[in-house]
Amino acid sequence: NGTTVTVVNVKKCRYLEATGCASVCVNMCKLPTQDVMQTEFGVPVYMQPNFKDCSCKMFFGMPPLPEIIDPAMRFQPCLSQCPAAIVIDSTTASADEDEGGATPAVCYDMPKPAPYRPILRRSN
């Protein structure tokens with residue numbers, strides 16, 4: 001459609017690597033960043049995290065996909081290093097043993113943050 005898109009490839013996202021949680025990545029980084037870039041700077045950006053290798057692609061000039069079709073917003077099992085997954089797994093392990101093994105823990109349904117709203121400051 002004639003729109004220029006610049007792609008930035010983040011080889012290792014420290015945020016995703018440190019938290020080890022797909023839900024934290026989406027709800028505390030991806031969605032707020034996309035919102036701030038559009039709201040504050042007028043630049044649409046679509047972020048595409050890769051949960052397998054902790055990388056992320058940022059597509060500047062491309063509007064975010066609707067949440068209903070965004071692959072990052074779909075059911076995401078917790079990453080193996082996710083602290084929430086470890087807690088969930090340890091508390092549900094006995095219930096899962098009867099069913100032939102543990103199912104992957106999920107924390108994807110963590111509440112989403114409110115949309116970013118800039119703080120208005122009075123000038124003196």
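A nonpolar core is understood here as a set of buried Ala, Val, Leu, Ile, Met, Phe, Trp, Tyr and Cys residues joined through side-chain atoms within 4.5 Å. In the predicted model examined here, the largest such core comprises 10 residues, namely C13, L16, A22, C25, V26, L31, F51, C54, A72 and M73. Helix α2 supplies the largest share of this core, four residues. Within the core, V26 is in contact with L31, F51, A72 and M73, and V26 also touches P32, when residues up to four places away in sequence are left out of the count. A second core, separate from the one just described, has six residues, among them M37, V45, C56 and M58.

Helix α2 spans residues 22-41 and contains Q34. With a relative accessibility of 6%, Q34 is classed as buried. Apart from residues up to four places away in sequence, the contacts of Q34 are V45, Y46, M47 and P64. Of these contacts of Q34, V45 is also a member of the second core.

The cysteines were examined for covalent pairing. A disulfide is a covalent bond between the sulfur atoms of two cysteines. No disulfides are present in the structure. For C13, the closest cysteine sulfur belongs to C29 and lies 5.5 Å away, which is too far for a bond, because a disulfide requires the two sulfur atoms to be within 2.5 Å. C29 likewise takes part in no disulfide, the nearest cysteine sulfur being that of C13. Both cysteines are nevertheless buried: the relative accessibility of C13 is 14%, and the relative accessible area of C29 is 18%. C13 is, in addition, one of the residues of the largest nonpolar core.

Charged pairs were considered next. A search of the whole structure identifies one salt bridge. The pair consists of D70 and K30, whose closest N and O atoms are 2.9 Å apart. K30 belongs to helix α2, whereas D70 is located in the loop between β3 (55-60) and α3 (83-97); the salt bridge therefore ties together parts of the chain that are 40 residues apart in sequence. Both partners are buried, since burial corresponds to a relative accessible area under 20%, and the values are 2% for D70 and 1% for K30.

Helix α2 thus recurs throughout this description: this helix contains Q34, provides the largest share of the largest nonpolar core, and carries K30, the partner of D70 in the salt bridge.

Technical notes: Residues are numbered from 1 along each chain as its sequence is written. This is a predicted model: local features need pLDDT of at least 70, side-chain atom pairs count only at pLDDT 80 or more; totals for chains, interfaces and linings use all residues. Side-chain values use heavy atoms; hydrogens and water are left out. Helices (H or I, at least four residues) and strands (E, at least two) are DSSP runs, numbered from the N terminus. Buried means under 20% relative accessible area, exposed over 50%, partly exposed in between (1.4 Å probe, protein chains only). Contact means heavy atoms within 4.5 Å. A salt bridge is a side-chain nitrogen of Lys or Arg within 4 Å of a carboxyl oxygen of Asp or Glu.
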